Amino acid sequence: MSKSNSDFSVVGKRIPKLDAAQKAMGRAEYIQDIKLPGMLYGRILYSKYAHANIVKIDTSKAVALSGVHAVLTGEDVPEKMKMGFIKDNPPIKKGKVCSFRDEVAAVAAISPEIAKKALDLIEIEYEEQIGIFDPEKAMEKDSPLVHGHLKSNVLKMPWDIHYGDVEKAEKESAFVVEDRFTTQWVTHCCLGTSGAIALFDANDNLTIHTNTQIPSLAQKDFLESLKAMGLENKRVRVIKPIIGGGFGSKLDTYAYEHIAILLAHKCRKPVKIAFDRVEEFKATSTRQPTIIYIKQGCDKNGKLTFRDMRMVLDNGAHTSWGATTPSVMLMPISSLYRVENVKYVAKCVYTNNTYSQAMRGYGNPQATFAIESSMDMLAEKAGIDRIEIRRINRNQSGDETPQGLKITTCGLEECIDAVEKELKFDGKNEKGVGTGIASLIHVGGGARIYGSDGCGAILKMDDYGKVDVFTGGTDMGQGLDNIIAQIVAEELGLLAEDINVVHSDTDICPWDVGAHASRSTFVAGNAALGAAKKVKQKIQKFASKLFDVPAEKIEFKDKLVFVPGDQEKSMPLGKLLRKAHFSPGGTMLMAEYFYDPDNQNMGKELKGNMSMTYSFGAHGAKVKVDEETGKVEVLEYVAAHDVGRAINPLLLEGQVYGGVVMGLGYALTEEVTVKDGEIMNANFRDYKLFTAKDAVKIKAPIIETDDKDGPFGAKGIGEPGCVPTAPAIANAIYDAVGVRIKDLPITPEKVLVALKKKND
Amino acid sequence: MRLPRFEYIEPINFEGALDLLYIHKDNAKVLAGGTDLLVRMKKGLLKPKIIISLKALKELSYIKKDDSYIKIGARTSIADIIASDLIKKEACALFEACEKIGAVTIQHYRGTIGGNILQDNRCIHYNQSAFHRSGRQPCHKDGGKICYARDASDRCNSTCQSDGATALMALGANITLVRKGTERIIDLDNFYTTDGIMPFAMESNELLKEIVIPIQGGKSSYKRLAYRSAIDYPIVSAGVFLKSSDTSKNEIEDARIVVGAIARAPIFLAKASSFLKGKKFNDISAFKKAADISMDNASTFAVHNVGSTLEYRCAMVSEMVFQALKEAAIVTQE
């Protein structure tokens, strides 16, 4: 029988973030706060063109400036030093620039001011080339090439998939809808801007302090850079400061990190590169803008018959790991609702725009926007209620989808019920007011993107009953430290504050593939739980000798180790640990555990159970559309999620609220505006991130399905909050005023144009 | 982004500030709340050698009734204006405008009314980082001869997005400008120059001392459209003032319609305003007509430079004017 929350003493409790006071009082050390002795300041010079040949670079004046220690250009970068998924991106470009964001030079100086001055003294002669900014145009045969040495702007990628028989299913469908949707550039807007400090010891081993969500994979990238620099067999230590938000932005290593390494090596001093907000906007990445063609059909009863989708992604000028987002888009395309026949083609296309990258949801928000908008269109065409069509086609526990996803637990129906309970869907709203619903599926039990989906944990008991947990996982503000503390505390009968979670240093912490794919609670949580169970057994073994009872009779609660029913046989955990340490022939109580979920890499066939379990959810929105201005006001919002179990409902709600507000910005206001490849709104005034005043009241019903593989039943919830937000809003707008906006963001002008068109 | 170097001087009285301006003229800039000035300095749009801070000049912070005028000191915080019953009652448009400025924190701790009406014009092409601008020829406002907002334009097409300016112009406000030894009063219609490069008829040695709003017994309203609820400039705004005649309460004797955030200066729309004279307060179709005239007249001056589309912003001129008129009329009737 599954456990209920009352069976737990720490899990399921609303425990505020353990680092909240540190952060609120300004004590937390971000990269901006760190200063090392002798540290220099690095700065990067970017291209002034979207596409140009570099004819000449003259750095002599910068080199001559007093206080400048090093000036680098593309010529100084080793040939093999390249970043990204297909290693097409050197940290400083040589000979040619392909986007405004391309790095052309870098300096290190004794102060940020001198470094800036040095940049101003670098003279570059460019020869401008024709730029290509529209991915569909870039796909045309005679399009200019972004990279001249390639035959086409289209990346060689595998997404051309056909499950079942779409053509046949289409013929047999009673109703078919077809349309084109587009999504825009948005960016992560981490409050903590990017930065890194690199330094070498006398033996050329590298230490790098950097904001990263992938310490272990970053370590690998940096080792490759060292190798390219001729530094073989060296060590790389990655130290993470406190990170002010990730949202996927830190899933790749960036040019600034590799440039800091080059500068530090050249200067033999620590070199810090820290971005200001403009640089953060211009030189970090965006979510992939997409052009989506969707066709889907159902039979006369509303049962989905097929789904046929084609996606074009603007890759930008270089290829990050984010180019693999089509693999994650495949998940909702193949598996949101039961649909047997699925066709899917995705193309990533080089353009002279900024390169896009991983961002919360990793392609899922784009795909779900099209799917869930189209679901409403199909329901209308088939004359079926829009909630009903979702119920008819809902995923269910025990399903295996065409892609091979094995749905272990599924609370989608309960989520839809929860949304329906909170909002009226009877179409009887006042004029201009409407409701909309959209569902989601997301990986909730890790995601095997790489060969491994593993995470390690090391657990060390101290002398006083407190615990240090060294995790491979990364807390970038989302609260993983709390989750791990609560999991370990529950297992060992302690309080959350008895657990110190260390995640900051690759010299200390075990390996992990990174904080992505909503995997940390599930994977890092299971790793910590595994280590806690192991150490528990060791303690039981030690106590069994002490109490003279079989080990399995010993329990842990309220910081005590005891045998139930025998008051004599009870001891505070701390005392027991001291006995272990101080007895002759003593023992140290420590354990390690590596958890790698039993999920599958999709391989070349793009088939397989990529996650151990899947998270589901349904969002409902009630909006009011001002028919005179086109402005949309969100009146109510419900975000119901199947989370397996809420380890900490307070943090979980925080994740959902944050996700929803991010999703609302995506739906309504946010867009990186780009003019011929150049970002025009690189600041928070012109980039319309929601403000506190724009945020709406969100109800976040939690559906607990107690997943058998999750730590205490939990699934991941990091990303889902922002996945179905845009279609829920778009569907509500349609319900309110009868216009369907297919291009994000849904700005007042788009709504007004559509209203005019409808009324004419 | 860092501030360029400057010398900071904090005069202890008004005379001291005037002396400093007299000496330093163009080399100095006056700092009140800094929410406009410092941002521009960070972007390298301005590099004053000297900053004259009004921080100590508490004497410039007041709201008072003087005969049939409301007088507001230039350094009065936005929050004080929002909190003033006098302004809410006699100059509602200003109250509504101030409510929309920045965000609560900016209204309380930084923003001043003087700073708001003296904020520089904006343009998406001009208000960019120094690096962004360094990659191209300078535009008119940046000292060059090109306009990126409108091809082949021989003048600057920046926009005045001040909420306060539009509301105050609708209220028929004057301002008092002082320089060492002399002071002058100018009405806002003449103060805003429609020159995008130098949007104000103001000398570098002058200081804004006071804003004077006549109490005329009419009702005013201010409406604006922006994407966000806070920290956002309007993309269109409208301030209106309606006054009933002494003989017939239901008849409009005087009207002033001003639209903002659409052109180089807030625009007083004389034709639309005079159209309303003699109309009834409950004549919704007259308001609609006046709003459409406003749109037609304002569109001539509209510039495409603050995001959104020009078509949409022009269409919204009519809507904002209409909303403001309706609101002012309802309040009058009550």
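Domain bounds here come from an automatic or database domain assignment. For chain B that assignment gives domain 1 (1–57) and domain 2 (61–118 + 159–333), and the C-alpha centres of domain 1 of chain B and domain 2 of chain B lie 27 Å apart.

A few ground rules. This is a predicted model, where local features need pLDDT of at least 70 and side-chain atom pairs count only at pLDDT 80 or more, while totals for chains, interfaces and linings use all residues. Residues are numbered from 1 along each chain as its sequence is written, chains are lettered from A and ligands numbered from 1 in the order in which they are written, and side-chain values use heavy atoms, with hydrogens and water left out.

**Inside chain B: the two domains**

Let's start with how the domains of chain B meet. In domain 1 of chain B, 17 residues are in contact (heavy atoms within 4.5 Å) with 15 residues of domain 2 of chain B. The buried area between them is about 1400 Å², with carbon and sulfur atoms giving 66% of it; buried area is the accessible area (1.4 Å probe) that two parts lose on being put together, summed over both. On the domain 1 side, Phe14(B), Leu18(B) and Leu21(B) lose the most area to domain 2 of chain B, and together they make up 32% of what that side buries.

As for polar links, one salt bridge runs between domain 1 of chain B and domain 2 of chain B. A salt bridge is a side-chain nitrogen of Lys or Arg within 4 Å of a carboxyl oxygen of Asp or Glu. Asp19(B) pairs in this way with Lys180(B), with 2.7 Å between the closest N and O atoms. There are also four residue pairs in polar contact between the two domains (both at pLDDT 80 or more). A polar contact is a pair of N or O atoms within 3.5 Å; within protein, one must be able to donate a hydrogen and the other to accept it, and residues adjacent in sequence count only if both atoms are side-chain atoms.

Helix H1 (residues 14–24) of chain B gives the most to the side of domain 1 of chain B that touches domain 2 of chain B, with six residues. Helices (H or I, at least four residues) and strands (E, at least two) are DSSP runs, numbered from the N terminus. By class, that side of domain 1 of chain B has ten nonpolar, two polar and five charged residues. Ala, Val, Leu, Ile, Met, Phe, Trp, Tyr, Cys and Pro count as nonpolar, Asp, Glu, Lys and Arg as charged, and the others, Gly among them, as polar.

**Where chain B meets chain A**

Now for the chain-to-chain contact, which takes 30 residues from chain B and 32 residues from chain A. About 2800 Å² is buried between chain B and chain A, 55% of it from carbon and sulfur atoms. Phe131(B), Tyr227(B) and Arg228(B) supply 24% of the area that chain B buries against chain A, more than any other three residues.

Three salt bridges are counted between chain B and chain A. The side chains of Arg2(B) and Glu113(A) meet in a salt bridge at 3.1 Å, N to O. The count of residue pairs in polar contact between the chains is 15 (both at pLDDT 80 or more). On the side of chain B that touches chain A, the elements giving two or more residues are helix H8 (130–134) and H13 of chain B. H13(B) gives the largest share of that side, five residues. The residues of that side divide into 13 nonpolar, ten polar and seven charged.

**Salt bridges within the chains**

Over all chains, the salt bridge count comes to 58. Here are some pairs that lie within one chain.

| Pair | N to O distance |
|---|---|
| Asp596(A) and Arg448(A) | 2.7 Å |
| Lys715(A) and Asp642(A) | 2.6 Å |
| Glu327(B) and Lys223(B) | 2.7 Å |

Are the partners in the Lys715(A) pair buried or exposed? Lys715(A) is buried at 2% relative accessibility, and Asp642(A) is buried at 0%; buried means under 20% relative accessible area, exposed over 50%, partly exposed in between (1.4 Å probe, protein chains only). By contrast, Asp596(A) is partly exposed at 32%, while its partner Arg448(A) is buried at 10%. Finally, Lys87(A), Lys220(A), Asp221(A) and Glu224(A) are linked in a network of salt bridges.
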